[in-house]
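Work through the exercises below with the model open. Each task is followed by a stepwise solution.

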Amino acid sequence: MDVKEAGASLDALISSFNSRIAELQQLVIARNTLNGMELQVLNIKNRLREETRAIPKAKKLIVAALQQQKKLETISACVPSCIPERITNFNQDDNKWAQKEEHVQDLKFESLKLEERTAPKEKKGRASAPMWYITAEELNSVPPYMKQRLTLDKMNAAIGDMANYAEANAHLITAPRKKLADNNLDKALKLREISTADSVKGKYFFLESDIKGPSLKLDNTGRALLTVLRHLGRITETRIGHDRVIILLRP
């Protein structure tokens, strides 16, 4: 073999060796790429496994949300279009009555003072008068002859009025005498006497004479409303002296 042939053979060997190295480099790159893809696939599998495990929980949340939505829709259907304001203050100007107190000294105030010593004081945090609205199912259960043309909105607006009457009376019963106006004194004395009766004691109540609207009135519709509310267990009635007393109940 001469020098030229030896050189050509060496060049061919080097070229083959370089080609082999390039192929190996490509294989290494392909292998790294494949490892990266395998890692991504593994991450995807893990993510899918976690999502699959979360599906039952998501279904339970959806069911709970639908149930809550149904409850809210039922409540919304029962709430009257005009919700009455709670009566929180029944005296427009306490200072006015405090000034009048300095000039008013009669037997009625002395009598009230004696009763305040024995009358139970209103506890802090006392619950508001019950305002349990009627549901559509309850109203539908009422016999047609009793329900007549009463609507759910009228029923629940009347419940709001009754709660306000009862809270107004509770305020008069527990209010200090210096905060009572002259025109409220007689009624406060009467309410205190009524509140000591066993059938009324510790309960919210109002008198038939308190019914003056805005939704509940002493007309045929108002009497039908009271009949239905008594039938559904929202109120009960008793007579104390000459007064018809209506007591609010919690169903």
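The protein has an accessible surface of about 17500 Å², and 56% of this belongs to carbon and sulfur atoms. The model is a predicted one.

**Exercise 1. Overall make-up**

Task: State how many helices and strands the protein has, and give their order along the chain.

Solution.
- Step 1. Count the elements: the protein has 8 helices and 3 strands.
- Step 2. Read from the N terminus: the order is α-α-α-α-α-α-α-β-α-β-β.
- Step 3. Turn to burial. Of the 251 residues, 28% count as buried.
- Step 4. Look at contacts with a separation of 6 or more. Residues 24 or more positions apart account for 71% of them.

**Exercise 2. The sheet**

Task: Work out the strand order of the sheet, and find which strands lie at its edges.

Solution.
- Step 1. Write down the order. The sheet is open, with 3 strands in the order β1-β3-β2 and antiparallel pairing.
- Step 2. Find the edges. β1 and β2 each pair on one side only, and these are the edge strands.
- Step 3. Take the twist. On average, neighbouring strands are turned by 30° against each other, direction ignored.
- Step 4. Zoom in on one pair. β1 and β3 run antiparallel and are joined by 3 bridges. L207 has V245 in β3 as its bridge partner.
- Step 5. Add the helices. Helix α6 (residues 152-174) packs on the sheet and touches β1, β2 and β3. The direction of α6 makes about 95° with that of β1. Helix α7 (residues 182-195) also packs on the sheet, touching β1, β2 and β3. For α7, the angle with the direction of β1 is about 130°.

**Exercise 3. A salt bridge across the sequence**

Task: Which parts of the protein does the pair E138 and R234 tie together?

Solution.
- Step 1. Recall the principle. Side chains of opposite charge can pair when their charged atoms come close.
- Step 2. Check the distance. E138 and R234 form a salt bridge at 2.8 Å, N to O, inside the 4 Å cut-off.
- Step 3. Place both residues. E138 sits in helix α4 (residues 136-141), and R234 in the loop between α8 (220-231) and β2 (235-240), so the bridge ties together parts 96 residues apart in sequence.
- Step 4. Compare accessibility. E138 is partly exposed at 22% relative accessible area. R234 is buried at 6%, since buried means under 20%.
- Step 5. Set the pair in context. The structure holds 10 salt bridges.

**Exercise 4. A salt-bridge network**

Task: Identify which residues are linked with R244 in a network of salt bridges.

Solution.
- Step 1. Start with E208. Its salt bridge with R244 brings the closest N and O atoms to 2.5 Å apart.
- Step 2. Locate this pair. E208 lies in the loop between β1 (205-207) and α8, and R244 in strand β3 (residues 243-248), so parts 36 residues apart in sequence are tied together.
- Step 3. Add E237. The side chains of R244 and E237 meet in a salt bridge of 2.7 Å, N to O.
- Step 4. Check the acids. E208 is partly exposed at 25% relative accessible area, and E237 is partly exposed at 26%.
- Step 5. Close the network. E208, R230, E237 and R244 are linked by salt bridges.

**Exercise 5. A nonpolar patch**

Task: Is L13 buried or exposed, and which surface patch does L13 help to make?

Solution.
- Step 1. Locate L13: helix α1 (residues 3-78).
- Step 2. Read the accessibility. L13 is at 56% relative accessibility and counts as exposed, because the threshold is over 50%.
- Step 3. Name the patch. L10, L13 and I14 make a nonpolar surface patch of about 290 Å².

How values were computed: Residues numbered from 1 in each chain as written. Predicted model: local features only at pLDDT ≥ 70, side-chain atom pairs only at ≥ 80, totals over all residues. Heavy atoms only, no water. Helix = DSSP H or I, 4+ residues; strand = E, 2+ residues; numbered from the N terminus. Buried < 20%, exposed > 50% of the residue type's maximum accessible area, 1.4 Å probe, protein only. Patch = residues over 30% accessible without salt bridge, like charges linked within 9 Å, V, L, I, M, F, W, Y side chains within 5 Å. Areas by Shrake-Rupley, 256 points an atom, 1.4 Å probe, with all protein chains shown as cover. Pairing = 2+ DSSP bridges. Axes fitted to C-alpha atoms, helices over the stretch in contact; angles between N-to-C directions. Contact = heavy atoms within 4.5 Å.
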